[in-house]
Amino acid sequence: MDFTLSEEQLMIRQAARDFSRNELLPGVIERDEAQKFPTAQIEKMGEMGFMGMMVDPKYGGSGLDTISYAIAMEEFSKVDSSASVVVSVNNSLVCWGLETFGSEAQKEKYLKRLATGEIIGAFCLSEPEAGSDATSQRTTAIDQGDHYVLNGTKNWITNGNTAEVYLVIAQTDKEKGHKGINALIVEKGMEGFEIGPKENKLGIRGSDTHSLIFNDVIVPKENRIGEDGFGFKFAMKTLAGGRIGIAAQALGIASGAYELALKYSKERKAFGTEISNHQAIAFKLADMHTQIEAARHLVYKAAWDKDQGNNYDLSGAMAKLYASQVAMETAVEAVQIHGGNGFVKDYHVERLMRDAKITQIYEGTSEIQKIVISRDILRD
Ligand code: CAA
Ligand code: FAD
């Protein structure tokens, strides 16, 4: 067993850390407050190869492993999860889904531009009445020979307005249940495709989350990903990897909050000494550090499973479940350690606390991760 990161992984960590400090940190409070999408930052991330990290270089990607991707996600999320969720969706849901299951023509047409960050993608599964219960798709894609006619509404779609390419899950044949679902590539600007208003959110406020409305949108058959009826499996297999990215995001939020709390506790004095000298504070730090380390092991293990070609449904779900819980608890304690300063924006921990919550909700809530985990262990 070897816990050592490779030279390349260490280099990625340093590059992501420097980028976070120099490019994400300036203006992060203002972007959060104004709900401003990090346009310039995402553009630079594309130039640096962070938007298609695991994609084969022949399709414009960086050809890196999943551990490197998790490391970069952790670093970005220490500072700005509004930016890291864009990275996560583009890398692990859109690029990975297209590279693994798309046709050669789809890869040429879409993946190359997505992997370089020239354009951004969105992954559209959730609907007003189909969130956790993802097989209950109401959006329909009716087969009309050489094309599908798409109708329905998707909810809470990350990159909803910024994306150019949308992977849309829809029901073609209701009789067949989840085996009658397809995944279609929809382009911004297709006739009948409207973008709903932006959601005003608790956290990750710089990311742009929208509903999407499809009114008789004509999608050519060549835009279907995989065989007829593969759409639900496509979504599940893609989300299994996506959950590793969100677990790494949660890990980053926890680490960021912990690092700020550690520093503050060594500076702030109360009762004649630094607050870190009070055991109540030191023990909080000990718990945070231990839980973060445990979360990191779960995240890296899931990423390693994916890199080794092992099944990662279980390890990814455990990593997301645990890391998101650690993110929430650590961020709350970081605010507590900052006292009144923790409650104001300048100290960053209140934002990390708000951002932490979403990691327990999207890409499968914590309850859904427990369904995935319990089904797996009971099956065995
Ligand atoms: N890989 C391959 N196939 C899978 C699979 C996986 N990981 N998980 C399930 N399937 C298959 C099953 O094998 C089954 O197919 P067969 O009948 O051929 O065996 C089919 O999918 C249906 O599976 P279930 O019977 O288990 O379906 P279910 O209705 O009980 O639901 C669920 C399973 C795990 C709860 C699923 O609905 C789920 O994951 N829900 C959460 C949805 C979610 O994560 N949404 C995230 C949206 S994207 C997002 O959020 C992005 C973002 O924020 C940034
Ligand atoms: P519901 O499914 O209605 O769940 C409500 C509550 O009931 C939850 O606590 C849930 O865990 C619990 N619950 C439901 N079923 C069960 C059960 N069987 N057992 C136990 N408890 C259960 N979706 C996309 O497709 N693409 C995106 O890019 C995307 N981005 C998002 C960004 C943001 C900021 C947000 C808020 C959401 C995003 N989503 C996206 C949607 C997200 O994946 C869903 O919100 C999530 O899957 C939960 O679905 P829901 O909101 O409908 O909750």
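How many bridges join strand 2 to strand 3, and how do the two strands run? Four bridges join them, and they run antiparallel. The rest of this report places that pair in the wider model.

## The model and its confidence

This is a predicted model, in which local features need pLDDT of at least 70, side-chain atom pairs count only at pLDDT 80 or more, and totals for chains, interfaces and linings use all residues. Residues are numbered from 1 along each chain as its sequence is written, while chains are lettered from A and ligands numbered from 1 in the order in which they are written.

The pLDDT (the predictor's confidence in each residue, from 0 to 100) averages 98 over the protein. A score of at least 70 is reached by 100% of the residues. For the complex, the predictor gives an ipTM of 0.99 and a pTM of 0.98.

## Three domains

The domain assignment (bounds are automatic or from a database) gives domain 1 (7-120), domain 2 (122-228) and domain 3 (232-378). The centres of domain 2 and domain 3, taken over C-alpha atoms, are 30 Å apart. Across their boundary, 13 residues of domain 2 are in contact with nine residues of domain 3. Contact here means C-beta atoms, placed from the backbone, within 7 Å. The domain 2 side that touches domain 3 has eight nonpolar, five polar and no charged residues. In these classes, Ala, Val, Leu, Ile, Met, Phe, Trp, Tyr, Cys and Pro are nonpolar, Asp, Glu, Lys and Arg are charged, and the others, Gly among them, are polar.

UniProt also carries domain features, all from an unreviewed entry. Their positions use the numbering used here, their names are shortened, and annotations may be inferred rather than shown by experiment. "Acyl-CoA dehydrogenase/oxidase N-terminal" is placed at residues 6-118. That stretch is 72% helix and 0% strand. "Acyl-CoA oxidase/dehydrogenase middle" covers residues 122-217, where the chain is 0% helix and 50% strand. "Acyl-CoA dehydrogenase/oxidase C-terminal" is placed at residues 231-377, a stretch with 78% helix and 3% strand. Helices (H or I, at least four residues) and strands (E, at least two) are DSSP runs, numbered from the N terminus.

## The hairpin

Strand 2 spans residues 140-143 and strand 3 spans residues 147-158. Strands pair if DSSP finds at least two bridges between them. These two form a hairpin with three residues between them. Gly145, in the turn, has a positive phi of about 90 degrees. Ile142 stands opposite Val149 in strand 3.

## Around ligand 1

Around ligand 1 there are 23 residues. A residue is near a molecule if its C-beta atom, placed from the backbone, lies within 6 Å of it. Ala134, Met236, Tyr362, Glu363 and Gly364 come nearest. The shell has 13 nonpolar, six polar and four charged residues.

Helix 5 (81-101), helix 7 (231-267) and helix 11 (366-379) each supply at least two residues. Helix 7 gives the largest share, six residues. Domain 2 and domain 3 each provide at least three residues of this shell.

## Around ligand 2

Ligand 2 is surrounded by 23 residues. The closest are Ser126, Gly131, Ser132, Thr365 and Glu367. By class, the shell divides into 12 nonpolar, seven polar and four charged residues.

Strand 3, from the hairpin, supplies at least two residues here, as do strand 1 (121-124) and helix 11. At least three residues come from each of domain 2 and domain 3.

Technical notes
Contact = placed C-beta atoms within 7 Å.
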